[in-house]
Amino acid sequence: MTDWADWIGRSRTTEDVVTPAMVAGLNATLDAETVAQASGPAPQGIHWLLANPHAPMREIDVDGHPRRGDFLPPIDLPRRMWAASEVTYVAPIAIGEPLRITSTVASITPKTGSTGALVFVAVDHSVTAQDEPRVIERQTIVYREPGGNVSADRSEPTPAAFERVVTPDPVMLFRYSALTFNAHRIHYDRSYARDVEGYPDLVVHGPLTASLLIDLCARTFGPNRLKTFAFRGVGPAYVGQALRLYGNRTDTGLTLETTADGHVAVRAIATLD
């Protein structure tokens, strides 16, 4: 494949602010058990709504994403998915405080898997306020060939200390896409998802499932209690499938999972303050 060494270390910095409308929109989409907030700390997971690229329509590719080759490398594989994230919550993000978001391409790793060629791109994100860190994240994006859906990890139901069941419908998927300014068509365009990218139905966003797990922790332990949160996609989840979100305490923190249609969709680990 192409040598993408020139993209490693490439960085961009943007500025943004968490507004009460952002918080209200995220809470409404997650059906969170919270009252309206105009000030104070924003819920954890809100940083995924910040500083998403606002590419003009003339720069949008067929999949709905901005064309590759600017910040992210021009990898010639059509499927793009958010595979995993490792998040450290250093301090709460306050509603209304000016934020600086710096993103840097950390690594680009080609591999070969059961579905064919894969390229993993790791991007480091830093959210700061007045030069003080709020959130640090390493996000991994995977590019792969069309078709050949990832095989699901089926397992028996796991006992859980706390859990919630949510069934994402097209409205929830559309709302989360709007909140994150994510125009990837697999989340709202059923014919594109089926006929072009080869999925059986609309795909539930990985970070939406992660946000639901974060919200589950907030319901169980109180808001803004997470120190770290790391998740990875294990299998697909599709619109209309009941998501069982559940977790257990361990000696070091929490283990969390989401299952959909009898298979594991997302696994996560977290630590509490």
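# Exercises on a predicted single-chain model

The protein chain contains four helices and eleven strands; these are DSSP runs numbered from the N terminus, with helices of type H or I and at least four residues, and strands of type E and at least two. The model is predicted, so that local features need pLDDT of at least 70 and side-chain atom pairs count only at pLDDT 80 or more, while totals for chains, interfaces and linings use all residues. Residues are numbered from 1 along each chain as its sequence is written, and side-chain values use heavy atoms, with hydrogens and water left out.

## Exercise 1. Overall dimensions and surface

Task: Determine how the radius of gyration of the protein chain stands against the value for a compact globule.

Solution.
1. The radius of gyration is taken over C-alpha atoms, and the globule rule is 2.2 Å times the number of residues to the power 0.38.
2. For 273 residues the rule gives a value near 19 Å; the chain has 18 Å, which agrees.
3. The C-alpha trace spans about 45 × 45 × 35 Å along its principal axes.
4. The accessible surface is about 13000 Å², and carbon and sulfur atoms hold 53% of that surface. Such areas come from the Shrake-Rupley method with a 1.4 Å probe, and for residues only the protein chains shown count as cover.
5. Of the 273 residues, 47% are buried, where buried means under 20% relative accessible area, exposed over 50%, and partly exposed in between (1.4 Å probe, protein chains only).
6. Among contacts with a separation of 6 or more, 73% join residues 24 or more positions apart; a contact means heavy atoms within 4.5 Å.

## Exercise 2. The nonpolar cores

Task: Identify the residues with the most contacts inside the largest nonpolar core, and the helix that supplies its largest share.

Solution.
1. A nonpolar core is a set of buried Ala, Val, Leu, Ile, Met, Phe, Trp, Tyr and Cys residues joined through side-chain atoms within 4.5 Å.
2. The largest such core has 50 residues, and those with the most contacts inside it are Val 18, Ile 46, Leu 50, Leu 226, Phe 229, Leu 254 and Leu 256.
3. Helix α4 (residues 206-221) supplies the largest share of this core, eight residues.
4. Apart from this core lies another, of 14 residues, including Trp 4, Trp 7, Leu 77 and Tyr 143.
5. Beyond four places in sequence, the partners of Phe 229 include Trp 48, Tyr 89, Leu 213, Ile 214, Leu 256 and Ile 269.
6. In soluble globular proteins, nonpolar side chains tend to be buried together.

## Exercise 3. Helix α1

Task: State which elements the buried residues of α1 pack against.

Solution.
1. Helix α1 covers residues 20-30, and its buried residues are Met 22, Val 23, Gly 25, Leu 26, Asn 27, Thr 29 and Leu 30.
2. These buried residues pack against β1 (11-17), β7 (162-166), α2 (170-179) and α4.
3. Asp 31 follows the helix and has a positive phi, near 60°.

## Exercise 4. Two residues of strand β3

Task: Decide whether Leu 99 and Ala 106 are buried or partly exposed, and list their contacts.

Solution.
1. Leu 99 is found in strand β3 (residues 98-113), and Ala 106 has its place in β3 as well.
2. Leu 99 has 3% relative accessibility and therefore counts as buried.
3. Leaving aside neighbours within four places in sequence, Leu 99 is in contact with residues including Thr 14, Val 17, Val 18, Leu 50, Ile 93 and Val 127. Its C-alpha atom is separated from that of Val 18 by 8.2 Å, although the two are 81 residues apart along the chain.
4. Ala 106 has a relative accessible area of 24% and is therefore partly exposed.
5. Not counting residues up to four places away in sequence, Ala 106 touches Ile 8, Ala 122, Val 123, Asp 124 and Arg 138.

## Exercise 5. Loop residues

Task: Locate Phe 181, Asn 224 and Gly 235, and classify each by accessibility.

Solution.
1. Phe 181 lies in the loop between α2 and α3 (190-195); its relative accessibility of 48% makes Phe 181 partly exposed. Its phi is positive, about 50°, although Phe 181 is not a glycine.
2. Asn 224 lies in the loop between α4 and β8 and is partly exposed at 21%. Its phi is also positive, about 55°.
3. Gly 235 is placed in the loop between β8 (226-233) and β9 (243-249). With a relative accessible area of 18%, Gly 235 is buried, and beyond four places in sequence Gly 235 touches His 263, Val 264 and Ala 265.
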